[in-house]
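Q: Please zoom in on one part of this model and tell me what is going on around it. Start from a single residue and work outwards, and keep it relaxed.

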Amino acid sequence: MTIKIINKSSNALPKYESEMAAGVDIRCNIDAPVTLQPLERKLFPTGLYIELPQGYEAQIRPRSGLALKRGITVLNTPGTIDADYRGEIGVILINLSNEAQTIEPGERICQMVIARHEQAEMIEVTELSTTERGAGGFGHSGVK
């Protein structure tokens, strides 16, 4: 599969960092360091624009190292980029740590995974089939 990409950033094109990586690291496109205070969120530009084939989405996900070491994560995770979107990819980061965290120009801030998806036809009905689980959710499946 190939993805068309316009790169208006000063960073190299995203690439897979290992042979079996599922996602490519995405870097921020900022001119100067940006500090996130505890619980502060900001939209970070990437300078990247993509064209996906119909039936695919790009999922924007946190980087585990940023989350564990610095408490920084992607706020709307996973963020979805639809195949018909042609704007710049922006990433909403939030600082969940107790200390200010600074994002440097060109820093890897998230990863992007390309995934196939289906569009379902929604059919209105008056009842659904029954299951043993029923309406139990949020830990009510009985699995320990």
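A: Let's start at K42, which is partly exposed, with a relative accessible area of 31%. Keep in mind that this is a predicted model. K42 makes a salt bridge with E40, and the closest N and O atoms there are 3.7 Å apart. E40 is partly exposed too, at 25% relative accessible area.

Now for the strands around that spot. Three strands make up an open sheet, in the order β4-β9-β7, and their pairing is antiparallel. β4 (41–45) and β7 sit at the edges, each pairing on one side only. On average, neighbouring strands in this sheet are turned by 35° against each other, direction ignored. If you follow β4 across to β9, you'll find five bridges holding the two in an antiparallel pairing. One spot to click on is F44, whose bridge partner in β9 is V91.

F44 is a handy way into the interior. The largest nonpolar core has 24 residues, and F44, L93 and I103 are the ones that touch the most other members. Quite a few strands feed this core: β2, β3 (34–36), β5 (48–51), β6, β7 (72–74), β9 (90–95) and β11 each put in at least two residues. The biggest giver is β11, with three residues.

That brings us to a second sheet. This one is open and has four strands in the order β2-β11-β6-β8, again paired antiparallel. Its edges are β2 (24–27) and β8 (79–81), and each of those pairs on one side only. From one strand to the next, the twist averages 35°.

Have a look at β6 in there. Five of its six residues are buried, so β6 is largely enclosed by the rest of the structure. If you want to know what "buried" means for that count, the cut-off is under 20% relative accessible area. On one side, β6 (residues 56–61) runs antiparallel to β11 (residues 108–116), and six bridges join the two. Along that pairing, A58 faces I114 in β11, and Q59 lies opposite V113 in β11. The pairing of β6 with β8 is antiparallel as well, with three bridges. Here Q59 turns up once more, this time opposite T80 in β8. When you step along any of these strands on screen, one rule of thumb helps: in a regular strand, side chains alternate between the two faces of the sheet.

Back to charges. The structure holds six salt bridges, and the E40–K42 pair we began with is one of them. One to compare it with is D25 and R108, whose closest N and O atoms are 2.8 Å apart. D25 lies in β2 and R108 in β11, so this pair ties together parts that are 83 residues apart in sequence. D25 is buried, with a relative accessible area of 13%, whereas R108 is partly exposed at 29%. There's a third player here, since R63 joins D25 and R108 in a network of salt bridges. For another pair, try E17 and K15, which form a salt bridge with their closest N and O atoms 4.0 Å apart. E17 has 46% relative accessibility, so it counts as partly exposed.

Finally, have a look at the surface past the last strand we visited. I123, V125 and L128 form a nonpolar patch there, with about 350 Å² of accessible area together. L128 is found in the segment after β11. With a relative accessible area of 70%, L128 is exposed, which puts it over the 50% cut-off for that label.

Key. Residues numbered from 1 in each chain as written. Predicted model: local features only at pLDDT ≥ 70, side-chain atom pairs only at ≥ 80, totals over all residues. Heavy atoms only, no water. Pairing = 2+ DSSP bridges. Axes fitted to C-alpha atoms, helices over the stretch in contact; angles between N-to-C directions. Salt bridge = Lys/Arg side-chain N within 4 Å of Asp/Glu carboxyl O. Buried < 20%, exposed > 50% of the residue type's maximum accessible area, 1.4 Å probe, protein only. Patch = residues over 30% accessible without salt bridge, like charges linked within 9 Å, V, L, I, M, F, W, Y side chains within 5 Å. Areas by Shrake-Rupley, 256 points an atom, 1.4 Å probe, with all protein chains shown as cover. Core = buried A, V, L, I, M, F, W, Y, C linked by side-chain atoms within 4.5 Å.
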